[in-house]
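Got a few minutes for some structure reading? Take a look at the model below, then try the exercises.

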Amino acid sequence: MKYEVVLWDFDGTMVDTSEGIFQSLRYAFDKMRLPAPSGEILSKFIGPPLTRIFRECVGLDDRQAADAVRFFREDYRERGIFVAKVYGGIHELVLKLKAAGVRNAVSTLKPERMARQLLEKYGMLDALETCCGTVESRSENIDKSEIISRTLDRMGYTDLAKVVMIGDTGHDASGACKAGVDFISAAYGYGFRFAGEKLPAGLPAAGSVAELEQILLADTL
């Protein structure tokens, strides 16, 4: 196979967590005594660092953004995290890749504890070599490229030419580029499909999990 390591984004790529995130965002805006923004704005929160979106897309200052993130997580830890569903065929694809000798891992800007909690709930954690995410207290200052590099360090893997990142946002794509690994767009995922993210030009894109399987396993079928 072309790739020996597949790194998966979590939100919007493996699992559709959008409704739970929207629920907790509305809770945060209510606690801040602010009107919830449109669905178009809410969709921009799926994937990128929350503080950045609160500042850039909602216009909050640093203190307000920090408070909003705190309120969001207050609700998300208790309720929002459980409003999610795995994209059909993802678990099966990870198992097929593993059976073919590919090492799978999650690289996410989501707090690692939360990502692991959901992966375990849906029975996918054991199929992965590791899950690398952020620490809640420091997550807002980390770029996706840092998470990718940290994941590979955990795995003890250094051959970047045989690593591919799969994600649903331009943030994932730029992180892969900075980290020096290939990228496949999960065009079926939330960011590219619903949040107005533009597909990176010249890079492979999968409009469904079945298409993603064809791309990844092309030289083994």
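Here are three exercises on this predicted model, each with a worked solution.

**Exercise 1.** Work out which strands sit at the edges of the open six-stranded sheet.

*Solution.* Start with the strand order, which reads 5-4-1-6-7-8, with parallel pairing. Next, look for strands that pair on one side only: these are strand 5 (130-134) and strand 8 (205-206), so they are the edge strands by the pairing criterion of at least two bridges. Now zoom in on one of those edges. Strand 4 (residues 103-111) runs parallel to strand 5, and four bridges join the two. One residue to find there is V106, whose bridge partner in strand 5 is C131.

**Exercise 2.** Find the strands that helix 8 lies across, and give its angle to strand 7.

*Solution.* Locate helix 8 at residues 170-179. Then check what lies against it: helix 8 crosses strand 4, strand 6 (163-167) and strand 7 (182-186). Finally, compare directions with strand 7, and you get about 170°.

**Exercise 3.** Describe the largest nonpolar core and say where its residues come from.

*Solution.* Count first: this core has 53 residues. The ones with the most contacts inside it are W8, L25, F54, I90, L212 and L216. By element, helix 4 (residues 62-78) gives the largest share, six residues. By domain, at least three residues come from each of domain 1 (5-16 + 84-217) and domain 2 (18-82). Then pick L212 and list what it touches beyond four places in sequence: W8, L93, I166, I184, Y188 and A206. Last, don't miss the separate core of 15 residues, which includes A105, Y157, M165 and A173.

Note on methods. Residues are numbered from 1 along each chain as its sequence is written. This is a predicted model: local features need pLDDT of at least 70, side-chain atom pairs count only at pLDDT 80 or more; totals for chains, interfaces and linings use all residues. Side-chain values use heavy atoms; hydrogens and water are left out. Contact means heavy atoms within 4.5 Å. Axes are lines fitted to C-alpha atoms, for helices over the stretch in contact, and angles run from 0 to 180 degrees between N-to-C directions. A nonpolar core is a set of buried Ala, Val, Leu, Ile, Met, Phe, Trp, Tyr and Cys residues joined through side-chain atoms within 4.5 Å. Buried means under 20% relative accessible area, exposed over 50%, partly exposed in between (1.4 Å probe, protein chains only). Domain bounds come from an automatic or database domain assignment.
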